[in-house]
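Open the model in your viewer and keep the selection box handy. Each stop below says what to pick and what you will find there.

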Amino acid sequence: MNKEKKIIVKNYLALLFIQGANFILPLIILPYLVRVLGSEKFGLVMIAQSVALFLTIIVDFGFNISATKEVAYLKNDKEKLSQFYWNIVFVKLILIIITFIILLGMTFFINKFKLDPLVYLFSFGLVLGQAIFPTWFFQGIEKMQVITFVTVGAKLFFTLSLFFVVFSPDDYLYVPIFNGLGFVISGLFGFIFSLQYVKFISPKLLQIKDIIKNSSSLFFSNLAVSFYTSSNVIILGFFAGDSIAGIYSSMEKLILAIKSIYTPVYQAIFPNLSTKPNKKVRIFIDKIRIPIGILGAVISTIIFFESKIILNFVFNDPIITSYNIVFQFLGLISLFSSLNMLYVTLYFPSINKYKIRMKILISGGFFNLIVGLVFVQFFTIYGVAFSAVTTEFFILILAMYFYYKKINKKVAY
């Protein structure tokens, strides 16, 4: 048991370092990009990045959960582990091709994307890099330290490089180029490093079919997640323009950075927790729920009372600061998301209740899409912020409903 705890702590610290970089790097580069590019070009770059994040969900296909769990079971059997590894790699290769074709189609047939296709095509580097980096593999074998050094190193180098290549709004294309290079190079390093743990075995189509079938509910769940994590900036871009999308995105990036505080906790715990009996999983969830909720409430309170100070300190832009009410409202996501992630990211996947997770997230995704599309037409940025926050709350209510009313009646003791 002590050994398990040590592994979890080491993995947590490694992932915390990653999330710390994900938190700090945007604080370093975002204010600079907002000032140099202006809200319009910054908004365009963020819209393209949101599209890339949406495509990343497709390439991932839920393997961040299902493959991680399977690797955790197979890590002591090199033959089976290798077979599974190359099956996943083959699926991801096919999905990379499919998503690039989708992106090409968008730049050819959607008017907004046709205006500046290169910013979207260059942003595909993010998709490619995320796809080839086997995060699911390193999490499964509980070697998160590898992820730490490679990911943080590449992101740090290419993030800081933007200070030397972006000097005016005309340089906006360098942002997706260098951002993509950071992901691609870290992905290549991660992929090459993972090969020492496996040997090459030809992918088996029958097994691949089963893998796709088993991960399909997770895929649709994660796709639904993108409806409320990536779609809001895109919605604003279509209905309110690139400038408003840029203002919203600048605040959303801060909220996502804060939200990422919880991610390393759940990622480090999941591989070990997923091998435990259902009763122990539930006991653990009940134990950490209150501390997680308190942390979320504290962060939300700080954002509410200090929103202007935070925005001034980070961006030093009077236009962004003038929308501090939006930031105050978005701060509630820190509370709602910390708790709903506890259920949909950790609990339900750990006990193999993928379909219930899918129902919750698909419901949340469509809720956000409908509310966002309606409210943006009347309240623009405020309507989208309302949609984002109420969606997180809606997902939390659904997750708690299934946890208390459904799952607890069926969990085997």
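Start with the whole protein chain in cartoon view: its secondary structure comes to 18 helices and 0 strands. This is a predicted model. Along its principal axes, the C-alpha trace of the chain spans about 55 × 45 × 40 Å. A compact globule of 413 residues would have a radius of gyration near 22 Å, and the protein chain, with 21 Å, agrees with that. Of the 413 residues, 56% count as buried. Now consider contacts between residues at least 6 apart in sequence: 85% of them join residues at least 24 apart.

**Stop 1: the nonpolar core**

Select Tyr248, Met251 and Leu330. These are the residues with the most contacts inside the largest nonpolar core, which has 121 residues. Which helix gives the most to this core? Color helix H1, residues 2-60: that helix gives the most, with 18 residues. In soluble globular proteins, nonpolar side chains tend to be buried together.

Zoom in on Met251. Leaving out residues up to four places away in sequence, Met251 touches Leu311, Ile320, Tyr323, Val326, Phe327, Leu330 and Ile381. Show those side chains as sticks.

**Stop 2: helix H2**

Select residues 63-74, helix H2. Of its 12 residues, 9 are buried, so this helix is largely enclosed by the rest of the structure. Which residues of H2 are the buried ones? They are Phe63, Ile65, Ser66, Ala67, Thr68, Lys69, Val71, Ala72 and Leu74. Note that the list includes Lys69 as well as Ser66 and Thr68.

**Stop 3: the aromatic rings**

Show Phe, Tyr and Trp side chains. The whole structure holds 34 aromatic pairs. Go to Trp86 and Phe191, an edge-to-face pair with 6.2 Å centre to centre and 90° between the planes. This pair links distant parts of the chain: Trp86 is in helix H3 (residues 78-109), Phe191 is in helix H9 (residues 174-194), and they are 105 residues apart. Trp86 is buried, at a relative accessible area of 12%. Phe191 counts as partly exposed, at 23%.

Next, pick Phe137 and Phe138. They also form an edge-to-face pair, with 5.9 Å centre to centre and 70° between the planes. Are these rings buried or exposed? Phe137 counts as buried at 0% relative accessibility, and Phe138 counts as buried at 0% too.

Now widen the selection. Phe84, Tyr85, Trp86, Phe133, Trp136, Phe137, Phe138, Phe191, Phe193, Tyr197 and Phe200 form one aromatic cluster. Both pairs you just visited belong to that cluster.

One more ring is worth a look. Select Lys41 and Tyr172: the charged end of Lys41 sits over the ring of Tyr172, 4.3 Å from its centre.

**Stop 4: Thr391**

Jump to helix H18, residues 354-410, and find Thr391. Thr391 is buried, with a relative accessible area of 0%. What polar partners does its side chain have? The side chain of Thr391 makes a polar contact with the side chain of Asn368, at 3.2 Å. The backbone oxygen of Ser387 lies 2.6 Å from a polar atom of the Thr391 side chain. Beyond four places in sequence, Thr391 touches Tyr228, Gly364, Phe367 and Asn368. Asn368 is thus on both lists.

**Stop 5: Ser300**

Select Ser300 in helix H14. Ser300 counts as buried, at 7% relative accessibility. The backbone oxygen of Gly331 lies 2.7 Å from a polar atom of the Ser300 side chain. Setting aside residues up to four places away, Ser300 touches Gly331, Leu332, Ser334 and Leu335.

**Stop 6: two loop asparagines**

Most residues other than glycine have a negative phi. Asn316 is not a glycine, yet has a positive phi of about 50°. Find Asn316 in the loop between helix H14 (278-314) and helix H15 (318-321). Asn316 counts as exposed, at 55% relative accessibility.

Finish at Asn352, another non-glycine residue with a positive phi, here about 65°. Asn352 is in the loop between helix H17 (332-350) and H18. With a relative accessible area of 47%, Asn352 is partly exposed.

Key
Residues are numbered from 1 along each chain as its sequence is written. This is a predicted model: local features need pLDDT of at least 70, side-chain atom pairs count only at pLDDT 80 or more; totals for chains, interfaces and linings use all residues. Side-chain values use heavy atoms; hydrogens and water are left out. Helices (H or I, at least four residues) and strands (E, at least two) are DSSP runs, numbered from the N terminus. Buried means under 20% relative accessible area, exposed over 50%, partly exposed in between (1.4 Å probe, protein chains only). A polar contact is a pair of N or O atoms within 3.5 Å; within protein, one must be able to donate a hydrogen and the other to accept it, and residues adjacent in sequence count only if both atoms are side-chain atoms. Contact means heavy atoms within 4.5 Å. Rings of Phe, Tyr and Trp (its six-membered ring) pair if their centres lie within 6.5 Å; planes under 30 degrees apart count as stacked, over 60 as edge-to-face and the rest as tilted. A charge sits over a ring if NZ of Lys or CZ of Arg is within 6 Å of the ring centre and within 35 degrees of the ring normal. A nonpolar core is a set of buried Ala, Val, Leu, Ile, Met, Phe, Trp, Tyr and Cys residues joined through side-chain atoms within 4.5 Å. The radius of gyration is taken over C-alpha atoms; the globule rule is 2.2 Å times the number of residues to the power 0.38.
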